[in-house]
Amino acid sequence: MKDENGETMPTILVTNDDGVYSPGLLALKQQLEQIAEVIVLAPERNWSATSHSKTMHKPLRVQPVVLADGSAAHSSSGSPTDCVALAVGGVLGKKPDLVVSGINLGHNLGIDVTYSGTVACAMEAVIKGVPGIAVSSGSAEQSIADLHTIQAQTAAVACEVALQVLQRGLPHRTLLNINTPVTDPKEWRGVHSTRMGQRDYPSDELIERRDPYGRPYYWLGGGLPLDALDDGTDVGAVANGYVSVTPIMLDLTHHGFLAELATWELAKVGIAG
Ligand code: MN
């Protein structure tokens with residue numbers, strides 16, 4: 001597709017983990033259409049907190065769907081990661097130059113990144129050699145009107161970041177994780193580049209109940225996060241009214257610990273004789 005100046009527009013895949021009909025996806029799609037040809041392929045159901053799951057033992061379906069604004073999109077029976085792999089593989093006929101995932105309903109801050117299907121979409125993109133951006137904001141407790149306002153402004157932020165990524169690229173196997181405050185966007189104080197902060201879920205409890213046959217079943221989670229609001233972190237920035245943009249790399253090695261680990265007496269562990 002060409003823009004009004006006859007320039008070829010980039011292709012952006014918009015996907016998510018909340019499901020193809022999530023309002024956050026639509027807000028992102030509508031905003032990114034100002035800078036790109038947007039293709040949409042997202043899961044047919046909510047896959048939140050499924051991280052980087054990949055379907056390997058059953059076939060996947062891709063279906064045309066119509067979004068709430070009447071526009072055409074596609075859904076898949078697969079995971080968020082599957083959606084990215086399918087689109088980058090060319091299932092929609094065009095391969096994306098950039099993958100933008102979201103807008104997730106709820107932040108992905110600190111350790112959330114390791115559970116997030118939203119972030120996993122950007123991970124899958126960068127593994128496949130396509131730059132990836134994850135975008136999250138809002139909460140399910142907010143009014144539809146407040147959420148709509150936040151999602152519109154979050155989409156605008158994501159669009160500006162997307163433009164920069166298209167122009168500048170990103171380092172090898174690196175994605176950007178964007179979170180915006182849940183306050184009125186008029187009160188947002190700016191954008192901070194951040195590192196992953198400290199977020200814990202100390203009030204998560206194991207709840208045991210009984211089914212109608214007397215057998216136990218369990219609920220996990222549901223507790224509120226406890227955040228360390230340190231300067232320079234994603235949790236700190238968002239709590240203080242800033243948009244956070246965190247560069248995340250897929251190399252999880254603790255490089256600073258390698259030298260000490262080498263001094264452990266591991267050399268002969270498990271070696272016979
Ligand atoms: Mn989600």
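Tutor: Buried means under 20% relative accessible area, and exposed means over 50%. Keep that cut-off in mind, as we are reading a predicted model.

Student: Is D18 buried or exposed?

Tutor: Start from the cut-off for buried, under 20%. The relative accessible area of D18 is 13%, so D18 is buried.

Student: And S48, with its relative accessible area of 35%?

Tutor: Buried ends at 20%, and exposed begins over 50%. The 35% of S48 lies in between, so S48 is partly exposed.

Student: Which residues coordinate the manganese ion?

Tutor: Look for donors at 2.0 to 2.2 Å from the ion. Along the chain they follow the spacing D-D-x29-S-x55-N. Two of them, D18 and S48, sit 30 residues apart, in the β1–α1 loop and the β2–β3 loop. The coordinating residues are D17, D18, S48 and N104.

Student: How many residues of helix α2 are buried?

Tutor: The helix runs over residues 80-88. Its cover includes β1, β2, β3, β4, β5 and α3. Among the buried ones are P80, C83 and L86. The count is eight of nine.

Student: Which element supplies the largest share of the largest nonpolar core?

Tutor: This core has 34 residues, and I133 is one of those that touch the most other members. Elements such as β1, α1 and β5 each supply at least two residues. The largest share is eight residues, and it comes from α4.

Student: How many residues are in the second core?

Tutor: This core is separate, and its members include C83, L86, V99 and A125. C83 and L86 are also buried residues of α2. The second core has 12 residues.

Note on methods
Residues are numbered from 1 along each chain as its sequence is written. This is a predicted model: local features need pLDDT of at least 70, side-chain atom pairs count only at pLDDT 80 or more; totals for chains, interfaces and linings use all residues. Side-chain values use heavy atoms; hydrogens and water are left out. Donors are N, O and S atoms within 2.8 Å of the metal (3.2 Å for Na, K and Ca); water is not among the atoms, so sites may look incomplete. Helices (H or I, at least four residues) and strands (E, at least two) are DSSP runs, numbered from the N terminus. Buried means under 20% relative accessible area, exposed over 50%, partly exposed in between (1.4 Å probe, protein chains only). Contact means heavy atoms within 4.5 Å. A nonpolar core is a set of buried Ala, Val, Leu, Ile, Met, Phe, Trp, Tyr and Cys residues joined through side-chain atoms within 4.5 Å.
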